[in-house]
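Let's take a walk through a protein fold, one piece at a time. Keep the 3D view open and turn it as you read.

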Amino acid sequence: MQESPKRKVRVWCDGCYDMVHFGHANALRQAKALGDILVVGVHTDAEITKHKGPPVFTEEERYKMIKGIKWVDELVEGAPYVTNLETLDQYDCDFCVHGDDITMTADGVDTYHLVKEAKRYKEISRTAGISTTDLVGRMLLLTRNHFRQGNDEYSIEKEGSSRMGQDHSARSPWTGCSQFLPTTQKIIQFSDGKAPKPDDKIVRNSMTTEKIVERIIKHRLEYEQRNTKKEKKELEAYEASQKLKLTQKSG
């Protein structure tokens with residue numbers, strides 16, 4: 001008697017994926033390793049603006065960037081900000097995967113509380129030292145000269161930039177020096193293992209660093225407020241979790 005083919009495990013991941021960086025790619029790599037098919041949901045601009053503030057990249061740009069990551073098998077546009085069981089069932093996903101940092105709504109609610117309660121949630125290690133919040137924060141620090149006038153217009157301050165990623169009072173508990181070393185093994189993992197063909201073409205994107213900086217400057221105050229609120233919420237949640245761990249140990 002011939003055995004029926006084994007059902008493939010479908011894994012769900014979702015997020016803003018704004019200013020896609022190696023931390024996002026590394027999270028998707030880890031998520032794909034937990035199953036066979038990786039389904040990735042991306043939030044809309046409206047949802048992100050409501051809960052965090054305006055994204056740097058548009059939803060269409062973010063959809064394209066996520067589609068280009070090798071571990072992504074299926075893309076879901078306009079995924080809900082709070083991950084629910086209906087979404088997992090709709091796309092036939094067994095469970096949801098997210099990093100060990102905390103993501104919350106504008107009201108301070110854990111966006112994964114529903115799937116956690118249903119035991120359909122798995123956690124992976126977050127890539128330390130990199131986040132969209134941190135990247136935007138760095139750009140804000142380094143672009144303050146754009147707003148100066150008179151004698152200070154072209155002055156350069158190194159004090160702020162020299163402390164970036166080191167000052168505990170100015171970042172979330174999950175941000176620190178990156179441990180993501182570009183070893184040969186890591187490079188192999190992130191490459192597709194295919195040599196370029198003679199007729200392959202390099203497609204240039206119209207997006208430049210200058211345009212990204214312009215977008216950040218345009219919404220500078222909103223990003224600063226967003227980062228401050230996000231870090232405050234994360235610190236409060238982190239301190240609460242640490243207290244809970246101490247209570248459990250002493251009990």
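We'll go from the sheet to the helices, then to the cores and the salt bridges. Keep in mind that this is a predicted model.

Let's begin with the sheet. Five strands make it up, and across the sheet they come in the order β3-β2-β1-β4-β5. The sheet is open, and its strands pair in parallel. Have a look at the two ends of that order: β3 and β5 are the edge strands, and each has a single partner, so one side of each has no neighbour in the sheet. The strands aren't lined up perfectly, either: on average, neighbours are turned by 30° against each other, if you ignore direction.

Now zoom in on one pair. β1 and β2 run parallel and are joined by six bridges. Here you can spot Trp12, which sits opposite Val39 in β2. Helix α1 packs on this sheet, where it touches β1, β2, β4 and β5. The direction of α1 makes an angle of about 140° with that of β2. Helix α3 packs on the sheet too, touching β2 and β3, and its direction makes about 165° with that of β3.

How many of the 11 residues in α1 are buried? The count is nine, so to speak a mostly covered helix, running from residue 22 to residue 32. Among the buried ones are Gly23, His24, Leu28 and Lys32.

Leu28 is a good way into the next topic, the nonpolar cores. The largest core has 17 residues, and Leu28 is listed with those that have the most contacts inside it, together with Cys13, Tyr17, Leu38, Val40, Ile66 and Val97. Which elements give two or more residues to this core? They are β1, α1, β2, α3 and β4. Back at Leu28, set aside its neighbours within four places in sequence, and you still find it in contact with Cys13, Tyr17, Leu38, Val40, Ile66, Ile69, Trp71 and Val72. Apart from this core lies another, with 11 residues, including Trp12, Ala79, Cys93 and Tyr121. You've already met Trp12 as the residue opposite Val39.

Finally, let's turn to the charged side chains. The structure holds nine salt bridges. In one of them, the side chains of Glu74 and Arg10 meet at 2.9 Å, N to O. Glu74 belongs to strand β3 and Arg10 to strand β1, so to find both you have to look 64 residues apart along the chain. Are these two buried or exposed? Arg10 counts as buried because its relative accessibility is 12%, under the 20% cut-off, while Glu74 is partly exposed at 31%.

Another salt bridge joins Glu61 and Arg215, at 2.8 Å from N to O. Glu61 is in helix α3 and Arg215 in helix α9, so this pair ties together parts 154 residues apart in sequence. Glu61 is partly exposed, at 22%, and Arg215 is partly exposed as well, at 23%. There's also a salt bridge between the side chains of Asp101 and Arg126, at 3.9 Å. Last of all, Arg7, Asp92 and Asp94 are linked in a network of salt bridges.

Technical notes. Residues are numbered from 1 along each chain as its sequence is written. This is a predicted model: local features need pLDDT of at least 70, side-chain atom pairs count only at pLDDT 80 or more; totals for chains, interfaces and linings use all residues. Side-chain values use heavy atoms; hydrogens and water are left out. Buried means under 20% relative accessible area, exposed over 50%, partly exposed in between (1.4 Å probe, protein chains only). Helices (H or I, at least four residues) and strands (E, at least two) are DSSP runs, numbered from the N terminus. A salt bridge is a side-chain nitrogen of Lys or Arg within 4 Å of a carboxyl oxygen of Asp or Glu. A nonpolar core is a set of buried Ala, Val, Leu, Ile, Met, Phe, Trp, Tyr and Cys residues joined through side-chain atoms within 4.5 Å. Contact means heavy atoms within 4.5 Å. Two strands pair if DSSP finds at least two bridges between them. Axes are lines fitted to C-alpha atoms, for helices over the stretch in contact, and angles run from 0 to 180 degrees between N-to-C directions.
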